[in-house]
Amino acid sequence: MDYKLFTKRVKHIYKYLFVLFAALTIGSSGLIYKILNPSFLSFSEEDNTETYTNAEEFDNIENNIHVATGFKDDEGLQLVIANCTSCHSAQLVTQNRATKEGWLSIIRWMQETQNLWDLGNNEAIIVDYLAKNYAPEKKGRRQALQQIEWYDLED
Ligand code: HEC
C-alpha cells in the first residue's frame with residue numbers, strides 16, 4: 001500500500017468516526033433532555049385531559065357555594081349560570097341585592113339596552129332564585145351585640 005492511499009483511508013476513517021461521534025452526541029443530549037424534561041416531544045393529549053378535569057371541577061359545590069362562579073347553590077342555579085355569566089362575571093350579579101321586582105327590572109334594562117335575550121319560561125325560575133338568594137338585607141342597622149364577655153377592670 002503506498003503512502004497516499006494510506007492517508008486517504010485514514011482520513012476516510014476519521015470522517016466516519018466524526019460523523020458517528022456527532023450523531024451520538026446529538027442523540028444522547030436529546031435523551032438527557034428528555035429525561036430531565038419528560039414532556040419534551042411527547043405528543044400526548046395532556047392538554048385535553050386538563051380541560052376535561054376543569055370541566056368536571058366546574059360543577060363543584062362547597063359550603064353551598066358553586067365554587068367556579070360564587071353563586072349560592074339553589075334551585076335555578078344552572079339556569080342562572082347559563083344565562084347570566086356570558087356577558088359579565090357572576091360577581092356583578094352576586095354583589096347586587098334586589099327584590100323580585102328589582103331583579104326583573106334589572107333584567108328588563110339589560111334586555112332593552114344590552115341585548116339580553118328573552119328568558120322565556122326560565123325567567124320566573126331565575127328571578128325566584130335571585131330574589132331568594134340575593135334579597136335586599138332587611139336589617140338596616142347592625143344587630144345589638146349579644147353574649148358579650150365582660151371583664152373586670154383591675155386597678
Ligand atoms: C347579553 C349580555 C348580558 C347578559 C346575558 C346578562 N347581562 Fe347583566 N349586564 C350586561 C351589561 C352589559 C351590564 C352592564 C355592565 C357594566 O355596567 O359594566 C350588565 C349589568 C348587570 C348588573 C349590574 C346592574 C347595575 O345596576 O349595576 C346586574 C345585577 C346584572 N347585569 C345581572 C344579570 C343577570 C341576573 C343576568 C341573567 C338573567 C344577566 N345580568 C345577564 C349584560 C348582560
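Here are some short exercises, each with a worked solution, on a predicted model.

**Exercise 1. Check whether the length of helix α1 makes sense, and find out how many of its residues are buried.**

Start with the range: α1 runs over residues 3-36, giving 34 residues. At 1.5 Å a residue, the helix should span 50 Å. Now look at the ends: the C-alpha atoms there are 49 Å apart, which agrees with the expected span.

Next comes burial. The count of buried residues among the 34 in α1 is 0, so this helix is hardly covered. Finally, look at where α1 begins: a side-chain oxygen of D2 comes to within 2.9 Å of the backbone nitrogen of K4.

**Exercise 2. Work out which parts of the chain are tied together by the salt bridge between K132 and D74, and how open each partner is.**

First, the distance. The closest N and O atoms of K132 and D74 are 2.8 Å apart, and the cut-off for a salt bridge is 4 Å.

Second, the location. K132 belongs to helix α6 (residues 122-133), while D74 is in the loop between β2 (65-66) and α3 (77-84), so the pair ties together parts 58 residues apart in sequence.

Third, the accessibility. K132 has 60% relative accessibility, so K132 counts as exposed. D74 has 23%, so D74 counts as partly exposed.

**Exercise 3. Find what joins helices α5 and α6, using K100 with D128 and R108 with E123.**

The model has 4 salt bridges in total. Take K100 and D128: their closest N and O atoms are 3.0 Å apart. K100 is in helix α5 (residues 100-113) and D128 is in helix α6, so this bridge links distant parts of the chain, 28 residues apart. Both partners turn out partly exposed, K100 at 43% relative accessibility and D128 at 39%.

Now take R108 and E123, a salt bridge whose closest N and O atoms are 2.9 Å apart. R108 lies in helix α5 and E123 in helix α6, so this pair ties together parts 15 residues apart in sequence. How do the two partners sort by accessibility? R108, at 34%, counts as partly exposed. E123 has a relative accessible area of 15%, and the cut-off for buried is under 20%, so E123 is buried.

**Exercise 4. Locate the ligand and say which residues and elements surround it.**

Begin with the site: the ligand sits in the largest pocket. The elements that give two or more residues to the shell around the ligand are α3, α4 (90-94) and α5. Of these, α5 supplies the largest share of the shell, 4 residues.

Then go residue by residue. There are 18 residues around the ligand, and those that come nearest are C84, C87, H88, M110 and Q114. For H88 there's a polar detail to pick out: a polar atom of its side chain lies 2.7 Å from a nitrogen atom of the ligand.

**Exercise 5. Describe the surroundings of T69: is it buried or exposed, and what does its side chain contact?**

Place it first: T69 is in the loop between β2 and α3. Its relative accessible area is 17%, so T69 is buried.

Now follow the side chain. T69 and H66 are joined by a polar contact of 2.6 Å between their side chains. A polar atom of the T69 side chain also lies 3.3 Å from the backbone nitrogen of F71.

How values were computed. Residues numbered from 1 in each chain as written. Predicted model: local features only at pLDDT ≥ 70, side-chain atom pairs only at ≥ 80, totals over all residues. Heavy atoms only, no water. Expected span 1.5 Å × (residues − 1). Buried < 20%, exposed > 50% of the residue type's maximum accessible area, 1.4 Å probe, protein only. Polar contact = N/O pair within 3.5 Å; in protein donor to acceptor, adjacent residues only side chain to side chain. Salt bridge = Lys/Arg side-chain N within 4 Å of Asp/Glu carboxyl O. Near = heavy atom within 4 Å. 1 Å grid on protein atoms, 1.4 Å probe; cavity = no way out; pocket = protein on both sides within 12 Å on 5 of 7 lines; lining within 4 Å. Sits in = over half its atoms within 2 Å of the grid points.
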